[in-house]
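Work through the exercises below with the model open. Try each task before reading its solution.

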Amino acid sequence: MRANDPNFYQLLLRIDQDYADQTREQGCLCGGVLHSARYPRKPRGVSHEARYHCDFRYSFCCADCRRRTTPVSVRFLGRRVYVGAIMVAVSATRASAGSAAAMRQLDDLGVPPATIARWRDWWTTDFVSTPFWTLGRAAFMPPIDTALAPASLLERFVARRPPGPLLSLLQWLSPLTSASAMGAVRDGR
Ligand SMILES: [Zn+2]
């Protein structure tokens with residue numbers, strides 16, 4: 001499973017680094033220069049080798065107005081203690097009632113059932129109420145069955161390779177991972 005492959009996390013880190021570089025180049029909304037102000041993270045469920053690639057989140061602080069700017073991310077979907085890849089992979093396996101082998105791999109990640117249930121709620125209620133989804137849903141034809149999200153979303157990204165469905169979906173979801181980017185989605189930018 002990609003969600004516990006250290007090389008996969010190394011790739012995600014490189015993508016986040018690109019997002020961070022772009023954010024830094026753009027600078028602060030006030031025109032000020034951005035300085036690195038990373039958030040340390042200790043994600044659960046990832047192997048020791050993989051954790052090395054996701055032990056911080058890129059973030060910046062403006063030298064002038066002190067405002068925080070946090071770039072979008074393919075590693076962290078919000079402030080959850082699990083990385084986005086695990087949240088998506090576990091939720092998708094549950095939603096699609098995956099194969100016995102997939103279920104066993106899922107158990108190996110050790111995510112508590114209560115957490116998995118919370119994630120299911122997030123996909124079927126919170127996610128579908130976001131402006132991101134309101135605008136993004138139109139891109140899928142036939143429409144996505146949101147009761148089966150994110151399995152139903154992952155299916156649509158299977159044809160896009162490289163980089164593979166999980167990474168494609170994480171990239172597609174990345175605007176949800178930054179408050180400033182969500183503002184951009186709402187404004188139609
Ligand atoms: Zn500023």
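**Exercise 1.** Find the spacing of the zinc donors along the chain of this predicted model, then classify the geometry of the four donor atoms.

*Solution.*
- Step 1. List the donors: C28, C30, C62 and C65 coordinate the zinc ion through SG, at 2.3 Å.
- Step 2. Write the spacing: C-x1-C-x31-C-x2-C.
- Step 3. Place C30 and C62. C30 is in the loop between α1 (6-26) and β1 (34-36), and C62 is in strand β4 (residues 60-62), so this pair ties together parts 32 residues apart in sequence.
- Step 4. Check the angles. They run from 106 to 118°. Tetrahedral requires all angles between 85 and 135 degrees. The arrangement is therefore tetrahedral.

**Exercise 2.** Is C30 buried, partly exposed or exposed? Classify C62 too.

*Solution.*
- Step 1. C30 has a relative accessible area of 42%, so C30 is partly exposed.
- Step 2. C62 has 0% relative accessibility and counts as buried.

**Exercise 3.** Describe the aromatic pairs that W172 forms with W133 and with F157.

*Solution.*
- Step 1. The structure holds 13 aromatic pairs. W133 and W172 are 6.2 Å apart centre to centre, with 85° between the planes: edge-to-face.
- Step 2. W133 is in helix α6 (residues 131-136) and W172 in helix α8 (residues 165-173), 39 residues apart.
- Step 3. F157 and W172 give 5.9 Å and 50°: tilted.
- Step 4. Relative accessible area is 0% for F157 and 18% for W172. Buried means under 20%, so F157 is buried and so is W172.

Definitions and conventions
Residues numbered from 1 in each chain as written. Predicted model: local features only at pLDDT ≥ 70, side-chain atom pairs only at ≥ 80, totals over all residues. Heavy atoms only, no water. Donors = N, O, S within 2.8 Å, 3.2 Å for Na, K, Ca; no water. Tetrahedral: all angles 85-135°; square planar, octahedral: opposite > 155°, others 65-115°. Helix = DSSP H or I, 4+ residues; strand = E, 2+ residues; numbered from the N terminus. Buried < 20%, exposed > 50% of the residue type's maximum accessible area, 1.4 Å probe, protein only. Phe/Tyr/Trp six-rings, centres within 6.5 Å; stacked < 30°, edge-to-face > 60°.
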